[in-house]
Amino acid sequence: MKNRITELFQHAKKPVLSVFYTAGFPNLNDTGTIATALEAAGADLIEIGIPFSDPVADGPTIQASNKQALDNGMTVELLLKQVAAIRNQVTLPIILMGYVNPVMQYGFERFFTDAANAGVDGLILPDLPLDEYETYRELTTALNLSISFLISPTTSEARIRKIDASSSGFIYAVSASSTTGAKAEFSAEQSEYFAKLKALELKNPFLIGFGVSNYKTYTQVCAHAAGAIVGSSFVKMLSQTKDFDADIKTFITSLTTPK
Amino acid sequence: MKYQVDERGYYGNFGGAYIPEMLYPNVEELRSQYLQIIAQPEFQTEFNELLRAYVGRPTPLYHATRLSEKYNAAIYLKREDLCHTGAHKINNTIGQIILAKRLGKQKIIAETGAGQHGVATATVCALMGMECIVYMGKLDMERQRPNVERMRILGAQVIAAVSGNMTLKDATNEAMRHWINHPTDTHYIIGSVVGPHPYPHMVALFQSVISEEIKKQLQQAIGQPNPDYVIACVGGGSNAAGAFYHYLNEVHVNLVGVEAAGKGVDSGESAATTALGKPGVLHGSKTLLMQTTDGQVIEPYSISAGLDYPGIGPLHSHLFETGRVQFLNATDEEAMQAGIELARTEGIIPAIESAHALAALSKLELTAEDVVVVNLSGRGDKDLETYIRWGKY
Ligand SMILES: Cc1ncc(COP(=O)(O)O)c(C=O)c1O
């Protein structure tokens with residue numbers, strides 16, 4: 001069987017929209033409801049965050065969602081059960097994204113295996129060192145899991161090429177040297193950076209995330225990348241909504257279409 | 001040497017650099033240059049001269065005769081409490097600020113628990129004319145108020161960390177986030193032997209002056225450089241790393257690390273990492289960590305803000321795992337009593353962190369022939385309010 005993420009990029013006729021949210025937030029069992037609503041609303045990729053007590057790469061919005069999810073009782077084990085249920089209802093590729101410690105405690109091999117069995121297609125583990133990942137590469141390849149690493153504007157070209165070689169599925173390009181958080185628009189300097197990335201002609205497609213929050217920022221990144229990742233502004237909306245289906249639909253539509 | 005960091009940044013099974021890519025260039029810049037910069041003669045001259053003329057080194061090794069009598073052993077106190085700013089923390093900040101200058105950085109950030117590292121950082125920033133931001137947990141700002149004002153007087157901006165338990169771990173999270181957002185002009189002065197490689201090794205190097213001096217001073221005092229015991233408290237582990245450093249390969253020297261047991265190791269309110277922790281990743285390194293089975297970090301507790309941290313440096317995890325260092329712990333109550341005891345027997349009011357090291361004296365089976373060095377990491381001025389609130393004196 002082909003990896004759903006690879007398939008998605010091979011056949012994409014428009015920019016790919018990947019949506020991030022924290023598992024178990026706002027309520028413990030919302031993880032699946034949100035996934036179903038995202039598929040109905042036209043998202044292309046579902047990125048589910050594994051909550052962690054000390055999310056150092058995240059700004060206030062996602063920090064708060066992590067804390068609430070943990071207070072709600074979310075665990076890696078429960079999340080994998082929820083994903084298995086989601087897999088029966090949605091066909092979109094599913095990615096789990098999380099800090100390395102909860103995965104290490106679950107056990108790397110066990111986590112990769114159980115995630116693949118639950119129907120996960122890809123992983124993003126931002127603080128997992130490249131050389132440590134190399135020791136698991138054989139296993140993740142056998143399990144047909146894609147692994148996306150991050151790059152930032154301060155990542156050297158030599159290192160980008162190394163990360164490209166280690167990644168599969170896509171590369172996660174962070175828009176700025178920053179923690180996660182919504183921005184109203186990107187600067188000319190950032191657009192230049194996006195263009196430069198495109199010119200590198202990497203093996204993997206790249207998605208741009210961190211700061212994407214509206215039609216303006218969405219089009220700015222899609223001009224250069226294979227698509228966009230939206231996180232903080234989506235999570236913020238989730239913390240306020242009373243109607244997932246309607247508000248998720250409105251959110252995705254307003255992000256991807258001009259007013 | 002088996003207790004030295006390897007080229008990948010590991011001490012045995014612990015260490016490494018588990019950082020998001022946004023931090024990689026900052027950390028890599030440091031990693032690729034720190035050894036070479038520190039080895040430069042000009043660096044060494046500036047570092048040693050500031051330690052001498054500004055910090056007041058060498059700090060005395062004081063033979064505490066009344067305390068010795070009480071515990072029936074020859075007890076020496078390494079007087080880091082007499083360092084400028086009142087604790088060993090400044091040995092490290094002097095080293096790192098010179099390094100930061102050589103890396104061309106203009107701004108400094110730091111985290112602080114007890115406020116000693118924050119004060120030591122604010123001090124060297126004033127000395128070098130560099131901008132300084134210190135993150136401090138909101139709870140710690142309340143319990144270490146004098147240090148907050150000292151930092152402000154020195155010109156530093158103190159920012160309250162309001163996430164989590166609002167203590168040292170959360171201040172460290174905020175400092176790392178700040179560094180992610182300011183990758184080029186800012187150097188992060190970590191205050192202990194924690195964080196991603198090369199921090200644990202670099203901070204240990206700067207603190208190693210402590211054991212370098214102890215060796216010389218003991219040679220003079222008793223005709224040989226090695227004691228039977230070296231005792232130090234362990235928060236992140238920087239004063240202990242400095243006090244142990246030159247003794248790691250002297251197998252006949254018993255090294256004792258003392259952690260904070262808080263209200264008791266099994267009370268659920270403790271910071272005794274070696275007793276309660278399992279290998280995990282926090283703040284960029286793999287080390288022993290107090291955490292749930294699901295890998296969430298447990299909020300530690302200690303009466304002492306400087307020991308209130310859920311992990312220890314990777315070097316100490318390795319020293320624990322290999323058995324090279326014996327780890328003990330002391331409760332709030334034991335530490336406070338040991339602090340008062342030192343005040344009454346020797347006329348020295350210790351920092352509550354250091355009082356934990358003193359509390360280990362009664363837990364060791366000492367004999368009259370034993371030579372014991374206790375690293376008195378800091379003075380108690382900052383802790384007066386805690387002593388007063390505890391009240392039993
Ligand atoms: C006086 C004193 N001793 C010890 C510590 C603990 O730190 P470390 O274990 O890094 O020496 C602190 C921390 O603030 C301190 O102020």
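**Around the ligand, and a few odd backbone spots**

Mentor: This is a predicted model, so let's begin with the ligand: 19 residues surround it, and those that come nearest are Ser192(B), Gly235(B), Gly237(B), Ser238(B) and Ser377(B).

Trainee: What makes the pair formed by His88(B) and the ligand a polar contact?

Mentor: The cut-off is 3.5 Å between N or O atoms. A polar side-chain atom of His88(B) sits 3.0 Å from a ligand oxygen, so the pair counts as a polar contact.

Trainee: Which backbone atoms can I test the same way?

Mentor: Try Gly235(B), with a polar backbone atom 2.7 Å from an oxygen of the ligand, and Gly236(B), where the corresponding distance is 3.2 Å. Set those against 3.5 Å and both pass. As for cover, the protein takes away 97% of the 390 Å² of accessible area that the ligand has on its own.

Trainee: What kind of space does the ligand take up?

Mentor: The largest cavity. A cavity is a set of points where a 1.4 Å probe fits but cannot get out, so that is why the word isn't "pocket" here.

Trainee: How does the shell split by class?

Mentor: You get 6 nonpolar, 11 polar and 2 charged residues. Remember that Gly counts as polar.

Trainee: Why do you say the ligand lies between two domains of chain B?

Mentor: Because domain 1 (10-50 + 89-203) and domain 2 (56-86 + 208-390) both contribute residues to its shell.

Trainee: What makes the bond between Phe25(A) and Pro26(A) stand out?

Mentor: That peptide bond is cis, with omega about -5 degrees. Most peptide bonds are trans. Pro26(A) belongs to the loop between β1 (16-22) and α2 (30-41) of chain A.

Trainee: Where is Pro198(B), which is joined to His197(B) by a cis bond?

Mentor: In the loop between β8 (186-188) and α9 (199-207) of chain B; omega there is about 15 degrees.

Terms used. Residues are numbered from 1 along each chain as its sequence is written. Chains are lettered from A and ligands numbered from 1 in the order in which they are written. This is a predicted model: local features need pLDDT of at least 70, side-chain atom pairs count only at pLDDT 80 or more; totals for chains, interfaces and linings use all residues. Side-chain values use heavy atoms; hydrogens and water are left out. A residue is near a molecule or strand if one of its heavy atoms lies within 4 Å of it. A polar contact is a pair of N or O atoms within 3.5 Å; within protein, one must be able to donate a hydrogen and the other to accept it, and residues adjacent in sequence count only if both atoms are side-chain atoms. Accessible areas come from the Shrake-Rupley method with a 1.4 Å probe; for residues, only the protein chains shown count as cover. On a 1 Å grid over the protein atoms alone, a cavity is a set of points where a 1.4 Å probe fits but cannot get out, and a pocket is an open set with protein on both sides within 12 Å along at least five of seven lines; lining residues have an atom within 4 Å of a point. A molecule sits in a cavity or pocket if more than half of its atoms lie within 2 Å of its grid points. Domain bounds come from an automatic or database domain assignment. Helices (H or I, at least four residues) and strands (E, at least two) are DSSP runs, numbered from the N terminus.
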